[in-house]
Amino acid sequence: MNSEAFSSPLFVKRAAYIVQEIASLADAVDFLNEWPEDRRDLVHEAALRACYDAYDGRKPVSAARNAFFGFAKRVAILEDASSAMQWLAACKSGTGKVQV
């Protein structure tokens with residue numbers, strides 16, 4: 001297991017019908033850095049700082065996951081894992097080829 005991986009992934013709503021899996025520190029940092037600047041607040045800043053601190057070894061990864069969880073819950077983008085998994089299971093995989 002990667003030392004930067006979360007013990008269990010979190011799922012967040014990225015848009016109306018897009019759910020993103022956050023499974024590691026890198027995923028969380030990327031998501032937080034892409035968050036619109038006009039929507040950033042102290043909770044966002046604390047979550048980002050916790051992720052960087054965990055990445056540098058100053059905090060456990062679990063603390064970063066908990067901080068990201070709190071951020072996602074606060075801004076109402078946290079998706080229930082069982083709901084997200086149902087969406088993933090319902091998706092059919094294609095061949096990857098362009099149909100003409």
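The expected span of a helix is 1.5 Å times one less than its number of residues. Keep that rule at hand for the exercises below, which use a predicted model.

**Exercise 1. Check the length of helix α2 against the distance between its end C-alpha atoms.**

Solution.
- Step 1: Find the helix. α2 covers residues 42-55, which gives 14 residues.
- Step 2: Apply the rule. At 1.5 Å a residue, α2 should span 20 Å.
- Step 3: Compare with the model. The end C-alpha atoms of α2 are 20 Å apart, so the two values agree.

**Exercise 2. Describe what happens at the two ends of α2: which residue caps the N-terminal end, and which residue just after the helix takes a positive phi?**

Solution.
- Step 1: Start at the N-terminal end. D41 is the cap, with a side-chain oxygen 3.1 Å from the backbone nitrogen of V43.
- Step 2: Move past the other end. G57 follows just after α2, and its phi is positive, at about 85 degrees.

**Exercise 3. List the buried residues of α2 and name helices that help to cover them.**

Solution.
- Step 1: Apply the cut-off, under 20% relative accessible area. The residues of α2 that count as buried are H44, A47, L48, A50, C51, D53 and A54.
- Step 2: Look for the cover. It includes two helices, α1 (25-34) and α3 (61-74).

**Exercise 4. Work out the strand order of the sheet and say how the strands pair.**

Solution.
- Step 1: Read across the sheet. Three strands stand in the order β2-β1-β3, forming an open sheet with antiparallel pairing.
- Step 2: Pick out the edges. β2 (18-24) and β3 (78-79) each pair on one side only, which makes them the edge strands.
- Step 3: Take the β1 and β2 pair. Six bridges join these antiparallel strands, and two residues lie between them in a hairpin. One pair to find is K13, whose bridge partner in β2 is V19.
- Step 4: Turn to β3. Two bridges link β3 to β1 (residues 5-15), again antiparallel. Here V12 has L78 as its bridge partner, while F11 stands opposite E79.

**Exercise 5. Place α1 and α3 relative to the strands.**

Solution.
- Step 1: Take α1. This helix packs on the sheet and touches β1 and β2, with its direction at about 130 degrees to that of β2.
- Step 2: Take α3. This helix lies across β1, β2 and β3, and runs at about 20 degrees to β1.

Conventions: Residues are numbered from 1 along each chain as its sequence is written. This is a predicted model: local features need pLDDT of at least 70, side-chain atom pairs count only at pLDDT 80 or more; totals for chains, interfaces and linings use all residues. Side-chain values use heavy atoms; hydrogens and water are left out. Helices (H or I, at least four residues) and strands (E, at least two) are DSSP runs, numbered from the N terminus. Buried means under 20% relative accessible area, exposed over 50%, partly exposed in between (1.4 Å probe, protein chains only). Contact means heavy atoms within 4.5 Å. A polar contact is a pair of N or O atoms within 3.5 Å; within protein, one must be able to donate a hydrogen and the other to accept it, and residues adjacent in sequence count only if both atoms are side-chain atoms. Two strands pair if DSSP finds at least two bridges between them. Axes are lines fitted to C-alpha atoms, for helices over the stretch in contact, and angles run from 0 to 180 degrees between N-to-C directions.
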